[in-house]
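User: I should like to work through this structure step by step. Please answer each question with a short line of reasoning.

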Amino acid sequence: MIQETIVTTVNQQGIVHIAPMGIHVENNEFIILPFKPSTTLNNLLETETAVINYCTDVRVFAGCLTGRRNWAVKPAEKINGQVLVNTLAHTEVELIRVEEDDLRPKLFCKTVHSVNHAPFTGFNRAQYAVLEAAILISRLKMLPLEKIEAEINYLRIGLEKTAGEQELEAWGWLMAVIDDYKAEVKNK
Ligand SMILES: Cc1cc2nc3c(=O)[nH]c(=O)nc-3n(C[C@H](O)[C@H](O)[C@H](O)COP(=O)(O)O)c2cc1C
């Protein structure tokens with residue numbers, strides 16, 4: 001199973017890095033798979049710790065993909081790391097082994113400590129739409145424009161029916177990036 005999470009890591013100087021990551025959950029282990037080059041990868045190799053944040057405020061996902069990475073954090077409880085303040089729960093993990101790969105190494109991690117901060121409030125289609133649109137943006141230059149437009153038009157249906165303010169704000173950030181990209185492609 002893959003869980004869409006926000007991974008926070010720190011480097012040896014203590015500088016925090018926040019990135020959305022699809023975490024593979026297998027036999028009580030977490031596998032983080034960053035595409036190279038990646039600050040998350042560098043930090044995990046440097047400090048061998050990370051925090052997996054379970055966050056339903058999709059502005060954090062959309063924000064990280066649109067240059068808004070400055071989200072509030074606080075120190076982790078049991079490891080050298082930082083926890084996203086705006087998260088329902090988090091798990092502090094330690095790196096146990098690395099499976100090297102030229103494109104996408106596998107970082108196997110074990111749980112050190114987990115904390116619940118707030119209850120899960122149910123699924124929301126607009127949150128799903130924002131996550132999918134954010135993933136499209138992370139692959140913008142690899143996909144044909146027609147496919148991006150078709151997928152966005154489909155995702156917009158669920159978004160318009162169910163979004164709250166956070167989802168609308170996140171969607172707006174993502175659509176601005178797509179509009180800029182379309183203008184760039186058309187001017188070529
Ligand atoms: C929902 C979601 C899941 C993502 N999962 C991954 C992932 O598993 N691996 C990855 O390298 N990037 C993933 N991305 C894209 C990264 O968040 C983004 O490219 C980021 O900048 C990673 O590079 P970094 O470690 O240098 O920050 C995902 C993005 C979204 C929106």
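User: Which residue in β2 stands opposite I2?

Analyst: The model under discussion is a predicted one. Strands β1 and β2 run antiparallel and are joined by nine bridges. Within this pairing, the residue of β2 that stands opposite I2 is H24.

User: How many residues lie between β1 and β2 in their hairpin?

Analyst: The two strands run antiparallel, and they form a hairpin. In the turn, G14 has a positive phi of about 85 degrees. The number of residues between β1 and β2 is five.

User: H24 also has a partner in β3; which residue does H24 stand opposite there?

Analyst: β2 pairs with strand β3 (residues 29-32) in the antiparallel sense, over three bridges. These two strands form a hairpin with two residues between them. In β3, H24 stands opposite I31.

User: Is N27 buried or exposed?

Analyst: N27 lies in the loop between β2 and β3. Its phi is positive, about 45 degrees, although N27 is not a glycine. The cut-off for the exposed class is over 50% relative accessible area. N27 has a relative accessible area of 72%, and is therefore exposed.

User: E48 is not a glycine either; what is the phi of E48?

Analyst: The loop between α1 and β4 (49-54) holds E48. With a relative accessible area of 44%, E48 is partly exposed. Its phi is positive, at about 60 degrees.

User: Which two residues are joined by a cis peptide bond?

Analyst: The place to look is the loop between β3 and α1 (39-47), where P37 is found. The omega of the bond in question is about -5 degrees. The cis peptide bond joins K36 and P37.

User: Why can helix α2 be described as largely enclosed by the rest of the structure?

Analyst: The buried residues of α2 are V58, R59, V60, F61, A62, G63 and C64. Their cover includes β1 (2-10), β2 (16-26), β6 (82-84), α3 (125-138) and α5 (165-186). Helix α2 (residues 58-65) is largely enclosed because the number of its eight residues that are buried is seven.

User: Which residues are linked with R59 in a network of salt bridges?

Analyst: R59 forms a salt bridge with D57, the closest N and O atoms being 2.7 Å apart. The side chain of R59 also meets that of E169 in a salt bridge, at 3.3 Å from N to O. This second pair links distant parts of the chain, R59 in helix α2 and E169 in helix α5, 110 residues apart. The residues linked with R59 in the network are thus D57 and E169.

User: D57 and E169 both belong to that network. Which class of accessibility does each have, buried or partly exposed?

Analyst: Buried means under 20% relative accessible area. At 3% relative accessibility, D57 therefore counts as buried. E169 has a relative accessible area of 38% and is partly exposed. The classes are buried for D57 and partly exposed for E169.

User: About how many helical turns separate E151 and K147?

Analyst: E151 and K147 form a salt bridge, with their closest N and O atoms 2.7 Å apart. E151 is partly exposed at 28% relative accessibility, and K147 is partly exposed at 40%. Because the two residues are four residues apart in helix α4 (residues 145-162), their separation is about one helical turn.

User: Which side chain is joined to that of T8 by a polar contact?

Analyst: T8 is found in strand β1 and counts as buried at 0% relative accessibility. A polar atom of its side chain lies 2.6 Å from the backbone oxygen of Q82. A polar contact of 3.0 Å joins the T8 side chain to the side chain of N53.

User: How much of the accessible area of the ligand does the protein cover?

Analyst: Of the 17 residues around the ligand, H17, P20, F35, S38 and T40 come nearest. An oxygen atom of the ligand is 2.7 Å from an N or O atom in the side chain of S38, and a polar side-chain atom of R104 lies 2.9 Å from an oxygen atom of the ligand. The ligand on its own has 620 Å² of accessible area, and the share covered by the protein is 85%.

Definitions and conventions
Residues numbered from 1 in each chain as written. Predicted model: local features only at pLDDT ≥ 70, side-chain atom pairs only at ≥ 80, totals over all residues. Heavy atoms only, no water. Buried < 20%, exposed > 50% of the residue type's maximum accessible area, 1.4 Å probe, protein only. Contact = heavy atoms within 4.5 Å. Salt bridge = Lys/Arg side-chain N within 4 Å of Asp/Glu carboxyl O. Pairing = 2+ DSSP bridges. Near = heavy atom within 4 Å. Polar contact = N/O pair within 3.5 Å; in protein donor to acceptor, adjacent residues only side chain to side chain. Areas by Shrake-Rupley, 256 points an atom, 1.4 Å probe, with all protein chains shown as cover.
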